[in-house]
Amino acid sequence: MPQPTEAQAAEIFRLEHPHYTANLPQWKKNRAAYDGGRPYIAQALIKHLAEFKEEYEERKLRAYYFNFPRRVVRLLTQYVLSVRPTRENADPDISEDFDRAGHRVDEVMRQFSINLRIYGVAWLQIDMPSFDGPVSKAREQSERLRPYCFAPSPENVKAWACGDDCRLLWVCTEESFWHQPDPFRKGENVTVRKLWTRTDCTTVRIPEGGRAEVSGYFEHNLGCVPFIRKTEADGYAIGSSHWFADIVGISDAIMNNESESQMNVVKQMFSLLVLPETFVSGARQRIQEMAADIQTSEKQEEYIREKLDLIIARGVAITESAESKGIARYITPPGIEIEQIDTKNARLIKQLYSLCFLATDKDTKLVESAEAKQWDFQAIEQQLVTHADILEQSEYEAWEIMAKWSPSLKLPKLNYNRIFAVFELSESISALLELYGMNQQSETYQRECGKAAVALLNRIRQMPQETVETILKEIDAAGNPHQHESDDPALPEY
């Protein structure tokens, strides 16, 4: 592909994939919910139609946020990466600084996993630093001239396309940053887009207030686009919405309910004033007299309405007719409303965790069978195993593209953990010890006990597959490992 013209450079800045366009609003919502903090409270807190402005501002200042979306993502990620993946023959320099920014490969893959949970789609980008002239081994090490990999946000990958071979044909990324190379000269915001194809890369930049211009072009001739795109199997891969949006929706409901509950407590502490209508009508007459000096009728009415709102607003006072008691008094909301909100939130929290298979307790007093509990554990485990498969496949593909940048690089043998301790191992180990303690004469029985012990050991501390196979072969070759040669071979020793 030849270097783009100025018109084509401007066209690069208009590229946007339909999937990106359709999902960007929800992606921003998901990311904001994960980030949390005061900005998200201001975004997600809902104002009542009849709520007084000053009252809403007070409620917004008092509001707090239980960040369930971040907790869910962290729990799932920690489960999957609780055991560090093994990487045989992996380059140590690259493994310890996978993105050339000081992050190990585990940290980059953790970020990739987090993006996959938040957005339902995640990217890995593999790049190579630019350099001129011959590269010696000393220069390669001192300048770290080697391929690297990082996980860009899906919000920064604007457009892409796939070829007839179902592989990426091109990818367009965007990044905005503050550019000020000289501390004594004014800096500027610069937006840069890069168009990657299977053979080259074009960089287009737009300075603050300027026009799109080609600022870089080089040919890499990798034969592939150095990006990896993955989607969750139960999300965009089958054309459905991403489940994390439902988590965010429930989390928002919990936050708004908590805000209402908190304001009810405040109103119980600071009671609500009840005034007779005669008082309000008298107040309006006095306010009208105060507004007599205002020139226009529109401004007079606005002034009267604002002053009167301070008296009759829902959060300040309520009025009653003369046929009622007709006296001023204070009332408070009943405490039962707060209990109902707390009960509602407790149910929402359970539903939130059940959506992502992190809750196995049921809203029932019936005792579940062992088979039913096992199905619950399998639902969690299968979800984690599927995610581990995606991570392992993605990392291996990243190493493959790195090897295209640097042909001398050896591909490592990866092994991500796929055995997750979602049930009590201690009970299984105790039961196994009891089986070993039984005085059994069958060599087959003892061998099967030994194999079961290997499976449990692998759950506690994952071993390389070669080690597991070696142990199993030794068990089969040894026969009964507890039977020693003696005068009476019918009496095994333990």
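Which strands does α7 lie across? The close-ups below start with the answer: α7 lies across β2, β3 and β9, and runs at about 145 degrees to β2. This is a predicted model, in which local features need pLDDT of at least 70 and side-chain atom pairs need pLDDT 80 or more, while totals for chains, interfaces and linings use all residues. Residues are numbered from 1 along each chain as its sequence is written, and side-chain values use heavy atoms, without hydrogens or water.

**Figure 1. The whole chain, with its 16 helices and 13 strands.** Helices (H or I, at least four residues) and strands (E, at least two) are DSSP runs numbered from the N terminus. The chain has 494 residues, and 39% of them are buried (buried: under 20% relative accessible area; exposed: over 50%; partly exposed: in between; 1.4 Å probe, protein chains only). Its accessible surface is about 28300 Å², with 53% belonging to carbon and sulfur atoms (Shrake-Rupley method, 1.4 Å probe; for residues, only the protein chains shown count as cover). Take the contacts between residues at least 6 apart in sequence: 66% of these join residues at least 24 apart (contact: heavy atoms within 4.5 Å).

**Figure 2. Helix α2 meets helix α7.** Look for residues 18–35 (α2) and 105–119 (α7), whose axes come within 9 Å and cross at roughly 120 degrees. Axes are lines fitted to C-alpha atoms, for helices over the stretch in contact, and angles run from 0 to 180 degrees between N-to-C directions. The two helices are therefore oblique to each other (under 35 degrees: roughly parallel; over 145: roughly antiparallel; 65 to 115: roughly perpendicular; the rest: oblique). On the α2 side, the contact is made by Trp27, Asn30, Arg31 and Tyr34, and on the α7 side by Ile114, Ile118 and Tyr119. These residues divide into 5 nonpolar, 1 polar and 1 charged (nonpolar: Ala, Val, Leu, Ile, Met, Phe, Trp, Tyr, Cys and Pro; charged: Asp, Glu, Lys and Arg; polar: the others, Gly among them).

**Figure 3. An open sheet of 3 strands, in the order β3-β2-β9.** The strands of a sheet pair through backbone hydrogen bonds, in either a parallel or an antiparallel way. Here the pairing is antiparallel, and two strands pair if DSSP finds at least two bridges between them. The edges belong to β3 (148–150) and β9 (227–231), each of which pairs on one side only. On average, neighbouring strands are turned by 15 degrees against each other, direction ignored. Between β2 (residues 121–127) and β9 you can follow 5 bridges, and Leu124 has Ile228 in β9 as its bridge partner.

**Figure 4. Asn115, a buried residue of helix α7.** How accessible is Asn115? Its relative accessibility is 3%, so Asn115 counts as buried. Leaving aside its neighbours within four places in sequence, Asn115 is in contact with Gly120, Val121 and Ala122, and also with Ala151, Pro152, Ser153 and Pro154.

**Figure 5. Strand β5 between its antiparallel partners β4 and β6.** Start with β4 (residues 157–162), which is joined to β5 (residues 168–179) by 5 bridges. Trp160 has Val171 in β5 as its bridge partner. β4 and β5 form a hairpin with 5 residues between them, and in the turn Cys166 has a positive phi of about 65 degrees. Now move on to β6 (residues 188–197), which 10 bridges join to β5. Here Thr173 has Lys194 of β6 as its bridge partner.

**Figure 6. Tyr65, in the loop between α4 and α5.** You will find this loop between residues 53–62 (α4) and 68–80 (α5). At 14% relative accessibility, Tyr65 counts as buried. Not counting residues up to four places away in sequence, Tyr65 touches Ala33, Gly36, Gly37, Tyr40, Ile41, Ser251 and Met255. Try locating Asp252 too: it is 187 residues away from Tyr65 along the chain, yet their C-alpha atoms are separated by 8.8 Å.

**Figure 7. Two loop residues with a positive phi, Asn89 and Arg100.** Asn89 is not a glycine, but its phi is positive, at about 65 degrees. Asn89 lies in the loop between β1 (86–88) and α6 (92–96), and is exposed, with a relative accessible area of 60%. Arg100 is not a glycine either, and has a positive phi of about 60 degrees. Its place is in the loop between α6 and α7. At 23% relative accessibility, Arg100 counts as partly exposed.
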